[in-house]
Amino acid sequence: MMIHESQIMKIHYITGIAAISVVAVHIIMRLLMPFSASLQYQNVIANYHYIPYALLLESILILIAIHGFNGLRVILLEFRQNRRWEEGVTIFTIAATIAVIAYGTRTILLASQAPIG
Amino acid sequence: MEVSKDRKNTKRSDNVFSNRDNREGLRGWLNPTRYGWERVSYWFQRLTGVFLLVYFIGHVYETSSLINGQSAWNAMLELTQTPWGHMFLILVIGTSTFHSVNGIRLIFTHAGKGVGTPGRPDYPYDAASLNYRQKSGIWIALILAVAAMIYGANILFGTE
């Protein structure tokens with residue numbers, strides 16, 4: 001399946017706007033109590049046990065990974081254009097996106113099952 | 001038909017399309033001195049984007065210490081919750097605010113909003129696309145980034 005660059009840029013913009021919304025909620029959650037208290041182990045694990053917040057973190061992970069690595073792809077393609085470079089950059093960024101999402105998802109799953117305290 | 005003969009004899013390397021002398025690579029990309037505000041904003045958008053991607057990967061790795069228990073989490077906090085760690089977070093707040101606001105400006109610009117209408121090119125040939133709306137957008141992104149950094153500093157250092 002061939003995806004046009006214009007479609008990729010639409011995905012880039014949509015993930016960017018969506019990421020701003022969910023990251024705003026993530027930051028507000030840090031500010032509901034004093035910042036240092038919000039980072040205490042029990043409070044952070046309690047956040048992960050709350051399923052809607054865990055889903056929010058997963059959405060942040062997916063949206064920023066896609067947006068960030070596609071942005072990196074765009075920058076790298078501005079440096080050089082030839083078939084080998086473009087294919088290499090595309091494969092690298094897709095692999096890196098999947099790796100970061102997989103690693104972050106593992107943390108969310110395990111932390112949501114960890115005992116509090 | 002002397003002209004046609006000359007054209008035929010012209011080497012491909014002399015052709016403007018294959019002349020690569022003007023390729024400056026990374027140096028050209030990072031050099032904002034010959035360009036206006038739009039170029040500076042282009043440069044900042046990419047630098048902040050790369051910086052935020054590196055921070056994001058680091059943040060995902062940092063957070064993974066949670067699954068190794070409370071002592072591993074506290075050890076990670078000792079590394080990051082320091083004055084220098086807070087300064088770094090303030091930089092993250094500033095760059096993410098600029099990247100977001102300037103990114104919204106770029107989305108509008110790519111959709112053709114705020115770039116003005118085509119007009120006759122008159123001296124001194126200012127780019128019609130770099131009008132007061134675009135310049136205001138860049139300034140708003142910078143001002144909001146500074147405001148967010150001040151607010152972040154107040155939160156991070158105010159609760160110590």
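Here are some worked exercises on the helices of chains A and B and how they pack.

This is a predicted model, where local features need pLDDT of at least 70, side-chain atom pairs count only at pLDDT 80 or more, and totals for chains, interfaces and linings use all residues. Residues are numbered from 1 along each chain as its sequence is written, while chains are lettered from A and ligands numbered from 1 in the order in which they are written.

**Exercise 1. Chain B at a glance**

Work out how many helices and strands chain B has, and what percentage of its residues count as buried.

Step 1: Chain B has 6 helices and 0 strands. Helices here are DSSP runs of H or I with at least four residues, strands are runs of E with at least two, and both are numbered from the N terminus. Along the sequence that reads α-α-α-α-α-α.

Step 2: For burial, count C-beta atoms placed from the backbone: 20 or more others within 10 Å makes a residue buried, 12 or fewer exposed, and anything in between partly exposed. On that count, 18% of the 160 residues of chain B are buried.

Step 3: Now the contacts, meaning residue pairs whose C-beta atoms, placed from the backbone, lie within 7 Å. Take those in chain B with a separation of 6 or more: 71% of them join residues 24 or more positions apart.

**Exercise 2. Two helices inside chain B**

Find how α5(B) and α6(B) are oriented to each other.

Step 1: Their axes come within 8 Å and cross at roughly 155 degrees. An axis is a line fitted to C-alpha atoms, for helices over the stretch in contact, and angles run from 0 to 180 degrees between N-to-C directions.

Step 2: That angle makes α5(B) roughly antiparallel to α6(B). The cut-offs are under 35 degrees for roughly parallel, over 145 for roughly antiparallel, 65 to 115 for roughly perpendicular, and oblique for the rest.

Step 3: The crossing is right-handed. Handedness asks how the near helix is turned from the far one by less than a right angle: anticlockwise is left-handed, clockwise is right-handed.

Step 4: Sorted by class, the contact of α5(B) with α6(B) has 17 nonpolar, 8 polar and 1 charged residues. Nonpolar covers Ala, Val, Leu, Ile, Met, Phe, Trp, Tyr, Cys and Pro; charged covers Asp, Glu, Lys and Arg; the others, Gly among them, are polar.

**Exercise 3. α1 against α4 in chain A**

Run the same routine on α1(A) and α4(A).

Step 1: The axes of α1(A) (residues 5–31) and α4(A) come within 8 Å and cross at roughly 140 degrees. So α1(A) is oblique to α4(A).

Step 2: This crossing is left-handed.

Step 3: On the α1(A) side the contact includes A:His12, A:Ala19 and A:Met29, and on the α4(A) side it includes A:Tyr53, A:Ile60 and A:Asn70. The contact divides into 13 nonpolar, 8 polar and no charged residues.

**Exercise 4. Where the chains meet**

Say which helix of chain B gives the most to the side that touches chain A.

Step 1: 24 residues of chain B are in contact with 24 residues of chain A. The elements of chain B that give two or more residues are α3, α4 (70–80), α5 (83–110) and α6 (132–158).

Step 2: α3(B) gives the most, with 9 residues. By class, this side of chain B has 13 nonpolar, 10 polar and 1 charged residues.

Step 3: Zoom in on α5(A) (residues 83–113) and α3(B) (residues 37–63), whose axes come within 9 Å and cross at roughly 30 degrees. That makes α5(A) roughly parallel to α3(B), and the crossing is left-handed.

Step 4: A:Val100, A:Tyr103, A:Gly104 and A:Thr107 of α5(A) meet B:Ile57, B:Val60 and B:Thr63 of α3(B). That contact has 4 nonpolar, 3 polar and no charged residues.

**Exercise 5. A closer look at α5(A)**

Is A:Tyr103 buried, exposed or partly exposed?

Step 1: A:Tyr103 has 15 C-beta neighbours inside 10 Å, so A:Tyr103 counts as partly exposed.

Step 2: Leaving aside neighbours within four places in sequence, A:Tyr103 is in contact with B:Val60 and B:Ser64.

Step 3: In contrast, the buried residues of α5(A) include A:Val100 and A:Gly104. The buried residues of α5(A) pack against α3 (41–49) and α4 (51–79) of chain A, together with α3 of chain B.

Note on methods:
Two residues are in contact if their C-beta atoms, placed from the backbone, lie within 7 Å.
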